[in-house]
Amino acid sequence: MEASRETTAAVHSSSVASGRTLWKDLARDRYLYLLLLPGLFLILLFRYAPMYGIVIAFQDFNIFKGVKGSEWVGFDQFSRLFHSPDFYEILRNTVLISLYKLAASFSIPIILSLLLNELKHVLFKRVTQSIIYLPHFVSWVIFSGIIISFLNPVDGLFNMIASQFGGAKTDYLGSSAYFRSILVLSDIYKEVGWGTIIYLAAISGVNADLYEAARIDGANKGRQMWHVTLPAIRPVIIILVILSLANILEAGFQQVFLLYSPLVYDVGDIIDTYVYRVGIQEANYSYATAAGLFKSFVAMVLIVSVNKLVKMSGQDGLW
Amino acid sequence: MKRKLSMTAMLVLALAVTACSGNSGNGGKGSEASPANSPQAGGDAATTKPAEPLNISMALMAGPKTPNSWAEKALEEELAAKLGRSVNVEPVFLPDWSELNTKINLLMSGKDTRPNILWTGDTKEYLKWVDADIVQDVTPSLQKYGKEIINYYTKDTLFYHWDPSGKMFRIPADVPEASYMTTIIRKDWLDKLGLQVPKTLDEYVEALRAFTKDDPDGNGKNDTYGLSGDNYYRSLLPFFYAYGVDVENFIRQDDGSIKFGSVMPEVKTVLELLQTLYKEGVIDPRMSTSANSSDQIVNDIYASGKAGSFYRFVDYFNPGNSAAVSFKKLNPNGEYISIDPIVGPSGFGSDQPDPGIGWCYLVITDTTNVDDAVQVLNTMATPETFKLFTFGKEGEHYEMKDGIFTPTIAPDEGSKLGLGNFGWYIQRKDAANIKNTPEVTALFESKKTTSQPMREKIVVFKALDRPEWDKYSADIKKERDETFWSIITGKKPASAFDEFVAKYEKMGGKQIDEEAAGLLDKQDEEHKQYEAWYSENIEPFK
Amino acid sequence: MGLTRGEKAFSVLNYLFFTVLMIVMIYPFWYMVMGSLSDPIYVADGGFFLKPAGFSLSAYEAVLKNVSILTGFRVTFISTVGGTAIGTFLTATTAYAISKRRLRGRMVFAFLVLFTMLFNGGLVPSYLLIKELNMINTYWALILPAAIGAWNIFVMQSFFRGIPEELEEAAKMDGANDLTVFFRIVLPLSKAVLATIGLFIAVWYWNDFFSSVLYSTDKEMWQLQMVLKDLISNTSNAIAQAGISISYQSEVNEFTIKMASIIVSSVPILLVYPFLQKHFVKGALIGSVKG
């Protein structure tokens, strides 16, 4: 079928073929290259031209000496990061928090999208969609204020309810036991509605005939979801999961920064907040760049590996 | 076809819109070296021909940041009158606090984007600017044209901006009052509970306990606190200072040595006391987390009248202060008063001294004639000009009713006029700051004396280059904050303090201590040189 | 073909669930609207703002009368419209091209795109580039650097891959080339993803403030969010910091102003999604594929 023809062509083009085949392919695909050109140009210009800045991580950067004139320090900045007293702690916090968030951020929106899809009343469905993503538009600056006001130990809603039932008032924000959960749950609340948009778009593309066929075969709603919808959107899910790995060490600086305090450094201090505090003291570009580079590198390794696994299992990966 | 057409149309529209919507060209306004100026970057005596117009660009951070404002025109007129030539002021508005340093660094990175006068807060980049020769020495110009400036700033203040090479590369822009915070307490609660105004630590604690337990607002609910504030150590100052310790600074010891405040043994006593009080519910639990991290929230607590004591701003006693206004509306019979610092068991007590360095300063870059720039700043420093661009014209924008400053225009009108745009450029705190009532002015005066005890104990470092401190302090502070707040909230026992002290040495404390001692010696040496320099170079020109 | 009892029950529960969810999700906005309409003096009492504390339009006045609010709106509006148009279009063209397995060098291009998602040169080099290109204080600087992003490209690519090859083959047999296929077949069938990515891009531009920090020295080229951030921090300066006594705003509370500024700035962008929803139509492919 077509699939095998395409793969043969792919194999052909990836091998170092004779010049004749190369030109032929280029000519055949000339319009595709035309389509590719403007976007590629923008990327090369605005992303790659400044890319030399990465070397700042290996220097003691002085903006007046520029990249060429600044002193080279090799891996010193990285070494400093890795040898900081709490590095293990901040790394662990970063990984745990982002893993929890990652897991929640793709599982819950999928379920919600499936349920949303079942709403037959068009107006209700549209209104619902437009409302459940509202928290996404509330910035962390504001939202953290709301969270703090709900959780505060003096007159926060949760504590008021607890004291009604005779419980003691807890300082949730200052408690190591609760802090990570607060981070993850509030993030879910904020982003889950927005996350459904992409899945709904995918679900809307599923061929209605397939549902008919399944129904005729006696499948109920649940079965339809499982055997029709999910497999149909599986490629999109996979891509989104792989892409979300880019954030594996991105636990959410703004949110943590606004909600944390010394009482919860042990569970809540992440790479970015730590580097930020050092930066306040030192205004050291290179340190921050090195930390960023470390995070990107880990993410890259993870994405490439997972992508490979995905392709080995026969699915399409990112490339 | 329709899709293609509409996509193309959108694209064309987008391009047309972006191309046609006027942009102000490149390089921004006003940061280029003005060709109309005479030679740049030199300490030479000015050779400006008086008739030539002067373009001066200034980086501005304060106020409503209004482009082309009345205040700007008014300033230009004043400058023209004083300098004898037409002046064009070109503001370069800086973004908000979180992006400020990024913007300043970018602006300074190229000669064509450097403002003539840069306003900046504390930044490590300053040393790099001096090294790269892009900021100019202002001493000769101050001697010729800077009378107002050198008369306003004290000798002590200018020391911190003086370079041992005998030059001054920066001018302080806003030096806070000698002490601008005070112990505040609810007078009506004291009266209601039959308590005297507390003077000692024991009396103070007793008052705070009473505030918490004895329902001073008489509403039958157990909802009041003794003490509240933000989650910085300064809110707990009455306790720390009663024992003569400040955990964020180096403290002079009786034997002449200096020690980092966080590891002084008295701190443990204070932490234990705070732990007890926290457990009893005397201390607002919000103080220990991000809950009270914003000034607005604390102001709201102040206004709500649910806490009996704060260590906070003298400015609260200005009738126009918004927290004070809210408080009066919500608690018509309530009254806050300012009291003298609480004294501890050894009779020691103090208010928080401001180091007198200034939290922001101005540099004159290599893009303009330094004499011109100093002339401009000097004019801005005069009380009349200062009042003009800060408050407007008396009679037109405000009135002085019985010596009390009363604006006659609405806040947004003031913003449109650009009042406040030129704030933090030689900010005057004396009589020219007519916003303070006479009572508040008197209060600020008295704070000078009450903050003296700690002023003598706290070491203020002049050096900007403190490599050991930079290297280790972030981690030490993290450890300190975690430990201290855990002790206060009861999460850890007071013995955790001893562990912290032990760790301090290993975490770089030793290096920091050595460096500090060395810096202090050097500083004392420099001070002697400075004294000589000052009496030669500044004193005669006042 | 009626619904089973189980399905009916499920349906009812579903509607119920979403009604509750809507109430829960709308709460922060309700809070913000109520807070923005509150009288600054009474806000100090705190509370959950099920209704405004006192009533006052002072916060909206302060925001809407801000000296730069109009220029902020203009700048953001233009860069959002321009950026969304350019960005969505170029994301689509790029994604389509690399979605074709037959394209020579596809892996290289895809990797180039992926790399930019994780690594970037940093602020200073980007700034220097824009300066070099004489784009400081222009709309181009606010639009172009951010127009296409790796994430969007990969997501679109995945959607494009989901379009059956047969459709394209059929068109090709009728003499169409890749361009015609792209514009006449692929794009019309991709309304859902174009609308989605377009929405994501539009929201990004609308909320962006940092580009104006980097690339605009003229306050008249500040984006809306930058103007609002500045307004808020100016308010808190005026109120909070003692020795810094420039204050004409004696009856102002940072909280109400924050709330009003969020409402003012979000309402326009929130209106976009409902208009796009009609593009999320199911079954766009009915009848176009046989068996």
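**Exercise 1.** Work out which residue ranges make up domain 1 and domain 2 of chain B.

*Solution.* Start with domain 1 of chain B, which takes 54-176 + 357-417, then add domain 2 with 181-354 + 474-523; these bounds come from an automatic or database domain assignment. Next, take the centres over C-alpha atoms: they sit 35 Å apart.

A word on the model: it's predicted, so local features need pLDDT of at least 70 and side-chain atom pairs pLDDT 80 or more, while totals for chains, interfaces and linings use all residues. Residues count from 1 along each chain as its sequence is written, and chains are lettered from A, ligands numbered from 1, in the order written.

**Exercise 2.** Find the strand order of the three-stranded open sheet in chain B, and say why β10 and β16 each have a free side.

*Solution.* The order is β10-β9-β16, paired antiparallel. (Strands are DSSP runs of E, at least two residues; helices are H or I, at least four; both are numbered from the N terminus. Pairing takes at least two DSSP bridges.) β10 (258-260) and β16 (458-459) are at the edges with a single partner strand each, so one side of each lacks a neighbour in the sheet. Now zoom in: two bridges link β9 (residues 250-252) to β16(B), and B:I251 has B:I458 as its bridge partner.

**Exercise 3.** Describe the side of chain A that touches chain B.

*Solution.* First, 24 residues of chain A contact 28 of chain B (C-beta atoms, placed from the backbone, within 7 Å). Then pick out the elements giving two or more residues: α13 (253-259) and α15 (271-282) of chain A. The largest share, four residues, is from α15(A).

Technical notes
Contact = placed C-beta atoms within 7 Å. Nonpolar A, V, L, I, M, F, W, Y, C, P; charged D, E, K, R; others polar.
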